[in-house]
Amino acid sequence: MGKSLFKKVWDAHSVRELPNGQTQLLIGTHLIHEVTSPQAFGMLRERGIPVRFPHRTFATVDHIVPTNEVAEPYSDPLAQAMIEELRKNCADHGVTFFDTNTGHQGIVHIVGPEQGITQPGTTIACGDSHTSTHGAFGAIAFGIGTSQVRDVLATQTIALNPLKVRRINVDGELAPGVYAKDVILHIIRLLGTKGGTGFAYEYGGSVFDGFSMEERMTVCNMSIEGGARVGYVNPDETTVEYLKGRPFAPKGAGWDRAVERWLSFASDPDCEYDDVVNIRAENIAPTVTWGITPGQAVFIHENIPTPDDGGTESARESIREALEHMSFAGGEPIRGIPVDVAFLGSCTNGRLSDLKEVARYLEGHKVNPRVKAICVPGSQGVSKIAEELGLDRIFREAGFEWRAAGCSMCLAMNPDKLIGNQLCASSSNRNFKGRQGSPTGRTILMSPLMVAAAAVTGEIADAREVFGILESAGV
Amino acid sequence: MALEKIHSVTGRAVYVPGDDIDTDRIIPARFMKCVTFDGLGEYLFYDTRHTPDGEKKDHPLNDPRHAEASILVSGNNFGCGSSREHAPQAIYRAGFRAVVAESFAEIFFGNSIQLGMPCVTADAADIRKLAATVREDPSTRVEIDVKERVVRFGGMEIPCGLRDGARQSLLEGHWDPIQDLLEGAPEVEALAGGLEYMRA
């Protein structure tokens with residue numbers, strides 16, 4: 001019987017069984033940022049332990065960097081202290097750091113792929129739950145806690161239990177105006193926010209075969225929102241094509257060896273999965289969240305649920321709690337809800353293709369004057385190409401603020417925050433209470449083009465109508 | 001460095017109801033602007049315990065009757081979201097030594113075990129019993145027996161779940177694996193040497 005990619009990569013990186021029965025797993029690539037690494041370096045210092053494989057750790061700074069001021073010292077002394085700590089730790093231990101003056105800084109999950117550091121058949125860990133993003137390349141990539149960041153720095157390994165594998169097939173063709181973001185929001189809505197606990201999600205089917213690497217990253221990124229610590233797509237020609245010529249991709253004869261090896265990690269056709277889920281692409285419409293977990297989502301033409309829609313008392317209680325936080329009555333259409341802020345960016349949807357797709361439709365439209373709209377490229381690399389293509393001009397002319405690279409309003413560790421109970425149409429990944437910086441702030445997750453539609457109309461809207469997508473597709 | 005062998009955790013418990021309590025709620029991101037974990041306990045559940053003006057709200061953790069609680073009880077998918085170890089660190093530093101919930105998010109669970117803080121699951125009906133008991137009498141002595149996988153309180157005993165590896169780690173004092181991982185260095189060296197992408 002064949003093996004899944006998960007099993008192949010796991011086996012290739014298993015060092016030994018630990019006394020407690022867990023596996024000591026080799027972490028080929030370690031990514032770090034300023035929030036979850038300083039304590040880990042501190043623990044090493046305390047014990048006098050060096051970084052074992054400094055050339056396999058790569059750092060960038062993303063969570064705390066302001067996107068509206070580039071000069072240091074930052075106005076927030078705590079943010080300044082964090083960037084300096086990371087700079088010092090990287091210098092002391094010989095770790096590559098994509099600092100703000102390199103032209104390569106950005107959100108860690110955008111920088112790794114962009115640099116060609118993220119490769120198929122590898123294990124990747126980072127003190128950040130959205131590390132699952134890198135699974136788009138056929139890597140086993142997962143978020144870890146700070147003590148495990150210490151473990152990786154000290155030993156290049158962690159102690160872990162293997163996961164089961166759930167294959168999720170999405171077959172058919174996505175309708176115009178339906179994006180990778182809608183696919184993953186739909187999957188989480190179907191399987192729940194804890195449905196993936198204990199599983200790695202293997203995404204496949206004709207939709208994933210046809211997806212670009214950036215679309216695959218959007219889906220893998222949010223695996224953790226469905227409870228799956230790992231999400232991946234088997235490597236194929238699209239993967240190889242993306243990596244070719246990237247700064248950290250192998251070169252010359254090494255490239256050919258690497259490609260052969262990479263493709264060999266793809267799941268065997270006859271491998272058995274612990275679970276299989278089949279979804280038809282035609283059944284997916286533009287999806288938006290209405291509540292306080294990414295699983296609380298509806299199609300744009302649906303109504304917000306009422307507590308009566310919950311099947312159990314605890315489900316009814318969850319709906320009540322979400323409606324209360326969102327100030328929704330329940331039962332009303334999600335379309336037409338007024339929006340205060342539009343945020344385009346994040347490790348989910350802050351890549352070049354996201355910005356290009358929005359710019360394609362945004363030209364000639366104006367942001368509603370009530371709405372504060374910001375566009376935050378995910379990395380300096382994305383920013384540079386976008387500016388070369390003139391996308392910044394399109395965003396600015398439409399009324400978006402064009403910002404410097406960072407996590408920005410996804411998580412409120414920098415000056416970009418909601419105020420009071422503002423409602424934000426957001427291309428990010430979490431709509432938790434308080435996530436965007438105000439305890440009473442409200443988040444509605446959606447695809448980048450839906451964010452643009454909300455920005456233009458000032459309310460939750462169907463981008464297909466706002467931008468005439470259905471007509472142009474002849475529907 | 002030998003670690004404590006954790007066979008059981010005994011103390012008072014407090015019930016914080018809710019499903020999908022995420023790590024942003026456990027410790028809001030703005031409190032993570034720090035380079036150590038010191039002092040995080042103070043900010044545990046900050047935004048659900050305080051009004052936007054900083055006034056204390058009605059919350060079980062603000063209730064003086066639960067001030068001595070060392071066992072946190074909650075609902076489904078506890079600790080979902082961000083991988084921030086700041087969340088279990090905040091819980092631990094606020095004086096908690098174990099969590100009982102209907103289920104846990106994966107990364108939170110691993111982070112907690114690695115701190116030597118058992119996270120055990122119990123079914124909804126049993127959690128309701130435990131919650132009702134400690135609400136009625138906050139001084140109830142609650143014992144989480146890691147070895148037997150049961151929780152005892154007020155003359156009752158309920159079964160609890162804890163996966164084998166985690167249980168064994170706690171019982172044998174291997175919950176922080178750093179020493180074991182360091183001991184594997186020769187094997188790590190050999191395995192890494194065979195992987196082309198890992199060579200310098």
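## A hairpin, two sheets and the contacts between two chains

In this predicted model, strand 1 of chain A and strand 2 of chain A pair in the antiparallel sense, and three bridges hold the pairing. Within this pair, Ser14(A) has Leu25(A) of strand 2 of chain A opposite. The two strands form a hairpin with five residues between them, and Gly21(A), which lies in the turn, has a positive phi of about 95°.

Both strands of this hairpin also belong to the part of chain A that meets chain B. In that meeting, 62 residues of chain A are in contact with 55 residues of chain B. The elements giving two or more residues to the chain A side are strand 1 (14-17), strand 2 (23-26), helix 2 (38-47), helix 3 (77-93), helix 5 (146-155), strand 8 (157-160) and helix 11 (313-326) of chain A. Helix 5 of chain A gives the most, with six residues. By kind, the residues on this side of chain A divide into 20 nonpolar, 31 polar and 11 charged.

Chain A itself is divided into domain 1 (5-264) and domain 2 (287-472), and the centres of these two domains, taken over C-alpha atoms, are separated by 24 Å. Across the boundary, 38 residues of domain 1 of chain A are in contact with 39 residues of domain 2 of chain A. On the domain 1 side, two or more residues come from each of helix 4 (108-115), helix 6 (180-191) and helix 8 (213-221) of chain A, and the largest share, six residues, is that of helix 6 of chain A. This side of domain 1 divides into 14 nonpolar, 17 polar and seven charged residues.

Each chain also holds an open sheet, and the table sets out the two.

| Chain | Strand order | Pairing | Average twist from one strand to the next |
|---|---|---|---|
| Chain A | 5-4-3-6-7 | parallel | 20° |
| Chain B | 1-6-7-8 | antiparallel | 15° |

In the sheet of chain A, strand 5 (96-98) and strand 7 (140-143) stand at the edges, and each has a single partner strand, so one side of each is left without a neighbour in the sheet. Further in, strand 3 (residues 29-32) and strand 6 (residues 123-126) of chain A pair in the parallel sense over three bridges, with Ile124(A) in strand 6 of chain A as the bridge partner of Thr29(A).

In the sheet of chain B, the edge strands are strand 1 (8-11) and strand 8 (156-159), each of which pairs on one side only. Strand 7 (residues 150-153) of chain B runs antiparallel to strand 8 of chain B and is joined to that strand by four bridges, and Val150(B) stands opposite Pro159(B) in strand 8 of chain B. Helix 5 (residues 124-136) of chain B packs on this sheet, where the helix touches strand 6 (142-145), strand 7 and strand 8 of chain B and makes an angle of about 145° with the direction of strand 8 of chain B.

The largest nonpolar core has 209 residues, of which Val288(A), Ala342(A), Ile71(B) and Val100(B) touch the most other members. Helix 16 (residues 448-457) of chain A supplies the largest share of this core, eight residues, and at least three residues come from each of domain 1 and domain 2 of chain A. Leaving aside neighbours within four places in sequence, the contacts of Val100(B) include Ile71(B), Ile127(B), Leu130(B), Ile144(B) and Val151(B).

Key. Residues numbered from 1 in each chain as written. Chains lettered and ligands numbered in written order. Predicted model: local features only at pLDDT ≥ 70, side-chain atom pairs only at ≥ 80, totals over all residues. Core = buried A, V, L, I, M, F, W, Y, C linked by C-beta atoms within 7 Å. Buried ≥ 20, exposed ≤ 12 C-beta atoms within 10 Å, placed from the backbone. Domains from an automatic or database assignment. Contact = placed C-beta atoms within 7 Å. Pairing = 2+ DSSP bridges. Axes fitted to C-alpha atoms, helices over the stretch in contact; angles between N-to-C directions. Nonpolar A, V, L, I, M, F, W, Y, C, P; charged D, E, K, R; others polar.
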